[in-house]
Amino acid sequence: MRGEQSDRLTGNFVAALFTHETSRALDPHLHTHCIVFNATYDPVENRWKALQNHELLRARKFARNVYYHELVRELKTFGYRIRNQARGDFQIEGVPEELCERFSKRHAQIDEGLAKLLAEKPELGGANVQALRARLAENDRARKQKDLSRQELSVLWTQVEKQDRRVNVAEAVQWAEEHLFDRNSVVPECQVWQEALGRARGEDLSVAELKAFTQRRGYIRDAERPGEVTLRDVLLREWEIVQTAKEGMGDCHPLVANPRPANPTLDDEQRKALDALLYSTNAVSIFRGGAGTGKSFVLREAAEQIQQAGRCVVVLAPQRQQVVSMEKAGFPLPLTVASFLLKRELAERAVVVVDEAGQIGGRQMLELIRLVRERNARLILSGDTRQHGAVEASDALLAIERHSGVRPVELHKIRRQDPALGRDQDERTRIKRYRKAVESAAAGKITESFEQLDKMGAVVACGLSDQADKLADEYLRLSEQNASAVVVSQTWAEVHRVNSRVRDALKAKRLIGANDTAVPVLERLDLTKAQKRDERFYPQDAIIVFNQKVREAEPGAKGKLAGILKASVLVEVGGKFVTVSNKMLDRISVCQPRELAIAEGDRLHLKANRKLASGRRVTNGEIVTAKSVHPDGDVELSDGRVLDKSFREFLPGYAVTSYGSQGKTVDYVLFSDSTVKAATNAQQWYVTISRGRRGVRIFTPDKEQLRENITRSGHRPLAMEFATGFVPRERLLLWDRLHGYLLRFGRRAADNICRLKMAQIHHHQPTQKHEHKVTRMLGERSKRSRITH
């Protein structure tokens, strides 16, 4: 009505199911086609309407898992056993691999077609193989053959104990929760069902029983967002972080009472920001600056002045690569947040300064805030929530910004795209226009930013077939000018494709060595802790790498999966077994071996932190250049370091994801748009276009689709925003906080003690739902003690 659009949940749609028992090549292949009509009945207006299909698409994996689950339940009634696989499907135990291959003629046909295509068009060699296979399967499929009777199929198919551990509904749901809430604060409930069905594939468990179980699970729900859930622990974690920042507002003396004159290299805006930080009276201060605003210079000056005022300063960053950059910038002894929290060495009344705080998740941020509060210390959080947030669940800095009331100290002026870098007037004008586009993105005007770049010719429309070629040509042009450049894409598939094409172009122009040496490397699989304790997610050739010391296994040690135990993972390392407890699974990585061709001058992207045999260090995220490959397989770098055989975690380094590019600065950034809608958002756009000093070029097969995709917010929903109006009772909050301290006695003991205490609270105060306001929190200092620090 009047051009307005709104969504309403009808709870119905129309679909038709067609079940087939063979593939087009007449292999045994039981599958069902589901055709969903673009129609749903609206009982409010009493008429049929078109579907809004977004939620259906989000739930398609759940539907597939329901199908697989019910199929396996029936198979098990006939005595079959199954083996779940990481990609979500399954195999029947006891069926030889040779037999599967014999009855996979359709796969063989596609493989033959792919080989023929690559022979005819070798330039597609670096393309996404899965996408090419899917295209061949669609375009080159044979006509359906006439249905055969079961007897005819039986003649055609003339074909030829491992006991599964039972998984009940409670264990399946608990695993699903651990996996999903590791990286999300709020999830669709259908994803919980989907992951639980995958975990309990084929068990005597109906979908109705699963839904009934999660309904009793005690999830926190919101009537305005049906179908989504969060956990009480997640909500309380975010609430405590925000409440601590809120209650510390104006509670302290200024960090530095009499600051010395500021560094003359700082401009007026930077000096004002420095003064605001030094005069801050908040227990938790926020320093916000967009990409390229120079906030690190101000932060370093603040740390120096606080230290000179006689206070201990601890400087932290989430990632090792950021710590290395801070060391080079002159920060005093920076550490990673993880290593600091492991040692917990913090002097009374110290000041903790955290750079790139937007990449710290809820668990780490809460642990950090609790430690700071225990030591009567102060906290300065520097970051930009408009860029990529934490991988871990809960964007903690965003929660503080939105809900604590703490006003951030801000820098607005962008200094990275400086017109003075231009070599002539045309280039200076172009850099100025480029900076305007970055400023628009920083201000949230994403569409305006796109249009500004498009008008200056930075957005290049090209077909999928020549996109990689055009990008490679631009990369070559910049290389010949000795300009630094990085290629950014949204997906790993696109990164691999671009890496291959750019390298081929460099080799053709003899900008890298002519002779390749095949080197074995390890590609890390991105797994949650829950996935690491599930055999489905370990490929047959998987290699486990220890990132930190675990029992007898030193950092860099490699092993194979020996088994999954109830509370740990068993790894065979050099003929000995090492038990990795579930709580230490973040100390290992699961990798897949592959071969990588390396020539002199190749760029490599390092994917792990490690101390090399020479004593020198390498850092996750570094882009380095290969000088030569030794006969024993060691890779010598242009800076003199040698990647010995103990360090194999690296990939080609011409293209990276936008998350991997965050924090990097180059002359030019090249963006290869993969057209994957789910991988494209406002944060990805802002991070990508702001990496360059001099310019950006965007290669896309669909301008309009890209323009639409980048307007989508990349922020994950916070539990606090999902459960609005939630205020926990003070005594419940107290025991929830104590849970963190009791974990040193084991999770089971901590859970039992807190569960008993909270049950007693509920028994003695049955009518009390919550208090209107929590006036004091565990560990909070009295007003008298607060004003002394």
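## Arg83 and strand β5

Arg83 has its place in strand β5, which covers residues 82-84. In this predicted model, Arg83 counts as partly exposed because its relative accessibility is 32%, a value between the bounds of 20% for buried and 50% for exposed residues. Once the neighbours within four places in sequence are left aside, the residues in contact with Arg83 are Phe90, Gln91 and Glu93. For one of these, Glu93, the C-alpha atom is separated from that of Arg83 by 6.1 Å, although the two residues are 10 apart along the chain.

## The largest nonpolar core

The largest nonpolar core holds 31 residues, and the members that touch the most others are Phe62, Val173, Val187, Val192, Ala196, Leu210 and Leu235. Two or more residues of this core come from each of the helices α7 (169-180), α8 (189-199), α9 (207-215), α10 (232-247) and α25 (719-722). Helix α8 gives the largest share, with five residues. Seen by domain, at least three residues of the core are drawn from domain 2 (169-231), and at least three from domain 3 (235-411). As a broader rule, nonpolar side chains in soluble globular proteins tend to be buried together.

Val173 offers a closer view of the packing: with residues up to four places away in sequence not counted, Val173 touches Val192, Ala196, Leu210, Phe213, Thr214, Arg217 and Tyr219. Apart from this core lies another one, made up of 28 residues that include Ile241, Leu346, Val352 and Ile369.

## His179 and Ile220

His179 is placed in helix α7, one of the elements that give two or more residues to the largest nonpolar core. His179 counts as buried because its relative accessibility is 12%, which is under the cut-off of 20%. Leaving aside the neighbours within four places in sequence, His179 is in contact with Glu195, Thr528, Ala530 and Gln531.

Ile220, by contrast, is found in a loop, the one that runs between α9 and β8 (228-229). With a relative accessibility of 17%, Ile220 also counts as buried. The contacts of Ile220, again without the neighbours within four places in sequence, are with Glu228, Val229, Thr230, Leu231, Arg232, Leu235, Phe722 and Ala723. Among these partners, Leu235 is one of the core members that touch the most others, while Arg232 has its C-alpha atom 6.5 Å from that of Ile220, at a separation of 12 residues along the chain.

## Two loop residues with positive phi

Asn46 sits in the loop between β3 (40-42) and β4 (47-49), and its phi is near 60°, a positive value in a residue other than glycine. Asn46 counts as exposed because its relative accessibility, 55%, is over the 50% limit.

Arg510 likewise has a phi near 60°, which is positive although the residue is not glycine, and it is found in the loop between α20 (492-508) and β17 (517-524). The relative accessible area of Arg510 is 75%, so that this residue is exposed. For context, most residues other than glycine have a negative phi.

## Thr665 and Thr447

Thr665 lies in the loop that connects α22 (658-661) and β31 (666-672), and it is partly exposed, with a relative accessible area of 32%. Beyond the neighbours within four places in sequence, Thr665 is in contact with Arg416, Arg691 and Arg693. Of these partners, Arg691 is 26 residues away in sequence, yet the C-alpha atoms of Thr665 and Arg691 are 5.1 Å apart in space.

Thr447 belongs to helix α18, which spans residues 446-455, and is partly exposed at a relative accessible area of 30%. The C-alpha atom of Thr447 is separated by 7.9 Å from that of Ile710, a residue 263 places away along the chain.

## The second largest cavity

The second largest cavity has a volume of about 70 Å³. Its lining is formed by Gly358, Asp384, Thr385, Gln387, His388, Gly389, Asp395, Ala396, Leu397, Leu398 and His715. Sorted by class, these lining residues comprise six polar, three nonpolar and two charged ones.

Methods
Residues are numbered from 1 along each chain as its sequence is written. This is a predicted model: local features need pLDDT of at least 70, side-chain atom pairs count only at pLDDT 80 or more; totals for chains, interfaces and linings use all residues. Side-chain values use heavy atoms; hydrogens and water are left out. On a 1 Å grid over the protein atoms alone, a cavity is a set of points where a 1.4 Å probe fits but cannot get out, and a pocket is an open set with protein on both sides within 12 Å along at least five of seven lines; lining residues have an atom within 4 Å of a point. Grid points are joined across faces, edges and corners, and a volume is the space filled by probe spheres set on the points. Ala, Val, Leu, Ile, Met, Phe, Trp, Tyr, Cys and Pro count as nonpolar, Asp, Glu, Lys and Arg as charged, and the others, Gly among them, as polar. A nonpolar core is a set of buried Ala, Val, Leu, Ile, Met, Phe, Trp, Tyr and Cys residues joined through side-chain atoms within 4.5 Å. Buried means under 20% relative accessible area, exposed over 50%, partly exposed in between (1.4 Å probe, protein chains only). Helices (H or I, at least four residues) and strands (E, at least two) are DSSP runs, numbered from the N terminus. Domain bounds come from an automatic or database domain assignment. Contact means heavy atoms within 4.5 Å.
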